[in-house]
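Trainee: Could you pick a part of this model and take me through it closely, sheet by sheet? I'm new to it, so please explain the terms as you go.

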Amino acid sequence: MNEEGRILGSQARTEKQPEKDYSKYFEHVYQAPSLKDAKKRGKEEVSYHHDFKIEDKYQGLGQGRHYYIRTYGCQMNEHDTEVMAGILEALGYEATNDVNTADVILLNTCAIRENAENKVFSEIGNLKHLKLEKPDVLIGVCGCMSQEESVVNKILKSYQNVDMIFGTHNIHRLPAILEEAYMSKAMVVEVWSKEGDVIENLPKSRLGETKAWVNIMYGCDKFCTYCIVPFTRGKERSRMPEEIISEVRDLARRGYKEICLLGQNVNAYGKDLGISYGLGDLMADIQKIDIPRVRFTTSHPWDFDDRLIEVLARGGNIAPHIHLPVQSGNNEVLKIMGRKYTRESYLELVRKIRAQMPEVALTTDIIVGYPNETEEQFLDTIDLYKQVGFELAYTYLYSPREGTPAAKMKDNVPMRDKKDRLQRLNKVVEQHSERALARYLGQEVVVLCEGPSKKNEEILAGYTDKNKLVNFRAPAEAIGQFVRVKVTETMRYSMNGEFIAIIDQVGVAN
């Protein structure tokens with residue numbers, strides 16, 4: 001895609017505000033988001049760029065300056081933060097954990113739920129005093145919220161302390177956006193609504209040295225009626241297999257113990273490449289790489305094929321845990337959600353997975369209180385949960401997201417019923433989680449120790465291959481290593497244990 005043509009040809013768009021003209025804020029804008037454009041799915045070929053580099057004119061832009069990034073939302077956002085941090089550090093910026101000492105502040109946002117957006121707007125408001133004290137500080141809003149027209153218009157109208165707004169498709173343009181923000185007196189807005197590019201060789205500042213995210217594809221074409229992601233992340237675009245394998249091998253050489261392959265619809269990987277190579281084939285190749293533990297997220301049941309099950313069943317370094325969002329256990333609700341599968345086909349998929357992987361740990365996502373959901377339909381979800389025997393679920397109250405098809409539906413389930421259903425569902429989730437963990441009592445498990453527990457710095461914590469959280473006391477040298485732990489107590493969502501030894505990879509004790 002010709003970037004110069006995109007910049008020259010783009011026009012800023014804002015909703016018409018009869019009481020005030022906001023066009024002056026777009027004086028130095030390349031492009032503002034358009035929901036109409038984001039909804040389109042053309043047949044344009046994906047462009048692959050392997051030559052990313054920091055141009056000479058931007059070198060040293062951050063010399064003597066510090067950056068701070070606050071990340072909201074999913075693993076994809078966390079990975080985007082790693083890329084932005086890598087670019088900033090290549091420009092000479094240094095990271096800081098103190099927002100008051102930062103020269104550039106970026107809020108990497110999530111648009112999945114209204115509550116997430118409210119947190120971001122609250123944080124933007126909290127930063128107003130900092131902008132008054134330090135007028136030269138640059139405040140930027142990026143990520144999925146930036147891809148929404150309504151969000152950009154709201155920021156333009158009410159949050160003049162924001163200097164930059166940029167989207168999920170043009171993170172690689174961060175050096176140019178920063179330079180523009182330093183030079184311009186107007187808010188800089190650059191959000192591409194449609195994107196067909198895959199940018200390789202982007203610098204990354206990894207958040208740790210033990211676990212790493214690896215993007216294998218971008219975007220989603222499923223258009224579930226409640227979800228804003230296909231509009232904020234664009235069409236499905238897969239990276240080339242050789243690029244992914246090269247990145248995983250590099251992480252293995254650098255000593256990483258676990259990687260997680262990322263995609264909004266990760267098991268649709270490869271369908272856009274025009275070659276007979278899918279996620280199962282990619283996982284088969286990664287099985288051959290000396291990385292002890294491999295995960296992937298997030299799966300869509302529609303794209304979970306037999307080849308993938310066959311490869312996962314081989315085990316090896318692939319973790320025996322599958323996150324498989326079901327969202328509802330009722331066919332009518334699934335149809336309204338646009339999920340493209342039925343209750344029966346989902347249960348058949350679970351049967352096929354369990355036939356080849358009897359010990360697999362299955363987890364899921366569920367939304368309650370969807371438009372028109374009846375009590376009987378909700379009970380179908382409870383019944384499906386029990387039938388499958390999920391070991392954990394992330395559960396949510398339905399809330400409409402502007403721009404999605406569901407937002408046009410009547411949100412006709414009373415809030416009291418939504419909350420009641422969520423409470424009853426969570427009770428079932430707790431019971432199943434408690435039961436799954438109780439099986440480990442008295443057993444030894446292998447844990448990848450990630451560091452101090454969030455609740456107590458004297459306690460270390462990590463996860464088993466089935467994604468079970470274990471807390472234990474151990475020497476500091478255990479951090480970043482596989483350790484053997486004897487489980488001494490199980491609770492609803494975690495376990496406590498007694499440290500035995502640091503082990504070599506996932507095998508012999510040192």
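Mentor: Let's start with the barrel: five strands close up in the order 17-18-19-21-20, with mixed pairing. Before going on, keep in mind that this is a predicted model, where local features need pLDDT of at least 70 and side-chain atom pairs count only at pLDDT 80 or more, while totals for chains, interfaces and linings use all residues. Residues are numbered from 1 along each chain as its sequence is written, and side-chain values use heavy atoms, with hydrogens and water left out.

Helices (H or I, at least four residues) and strands (E, at least two) are DSSP runs, numbered from the N terminus. Two strands count as paired if DSSP finds at least two bridges between them. Strands of a sheet pair through backbone hydrogen bonds, either parallel or antiparallel. In the barrel, strand 17 (residues 444–452) runs antiparallel to strand 20 (residues 482–490), and five bridges join them. One spot to click on is E444, which stands opposite K486 in strand 20. Neighbouring strands of the barrel are turned by 50 degrees against each other on average, direction ignored. For angles like that, axes are lines fitted to C-alpha atoms, for helices over the stretch in contact, and values run from 0 to 180 degrees between N-to-C directions.

Now hop over to an open sheet, where three strands line up in the order 9-12-13 and pair in parallel. Strand 9 (211–215) and strand 13 (293–297) sit at the edges with a single partner strand each, so one side of each has no neighbour in the sheet. Here the average turn between neighbouring strands is 25 degrees, direction ignored.

Strand 12 (residues 258–262) is the one to zoom in on. On one flank, five bridges join it to strand 9, running parallel, and V214 faces L261 across that pairing. On the other flank, it pairs with strand 13, also in the parallel sense and over five bridges. There, E258 has R293 as its bridge partner, and C260 has R295. Strand 12 is mostly covered, with five of its five residues buried (buried means under 20% relative accessible area, exposed over 50%, partly exposed in between, with a 1.4 Å probe and protein chains only). Both faces are covered: E258, C260 and L262 lie on one side, I259 and L261 on the other.

What goes over this sheet? Helix 9 (residues 241–253) lies across strand 9 and strand 12, at about 170 degrees to strand 9. Strand 12, helix 10 and strand 13 also make a right-handed β-α-β unit; right-handed means that, with the strands pointing away from you, the path from the first strand over the helix to the second runs clockwise.

Stay with I259 for a moment. Leaving aside neighbours within four places in sequence, its contacts (heavy atoms within 4.5 Å) include A212, V214, V248, L251, I286 and V294. I259 is also among the residues with the most contacts inside the largest nonpolar core, which has 56 residues; I216, L282, M283 and F304 are the others. Such a core is a set of buried Ala, Val, Leu, Ile, Met, Phe, Trp, Tyr and Cys residues joined through side-chain atoms within 4.5 Å. Apart from it lies another core, of 33 residues, among them Y72, A111, M145 and I155.

Let's follow Y72, then. It sits in the loop between strand 2 (66–71) and helix 3 (75–90), and it is buried, with a relative accessible area of 13%. Y72 and N108 are 36 residues apart along the chain, yet their C-alpha atoms are separated by 6.1 Å. Not counting residues up to four places away in sequence, Y72 touches several others, including L107, N108, T109 and K119.

That brings us to strand 4 (residues 104–109), which pairs with strand 5 in the parallel sense over six bridges. Six of the six residues of strand 5 (residues 138–143) are buried, so the rest of the structure largely encloses it. Within strand 5, G140 has L106 opposite, and its bridge partner in strand 6 is M164. From strand 5 the chain crosses through helix 6 (residues 149–158) to strand 6, and this β-α-β crossover is right-handed. Strand 5 and strand 6 (residues 164–166) pair in the parallel sense over two bridges.
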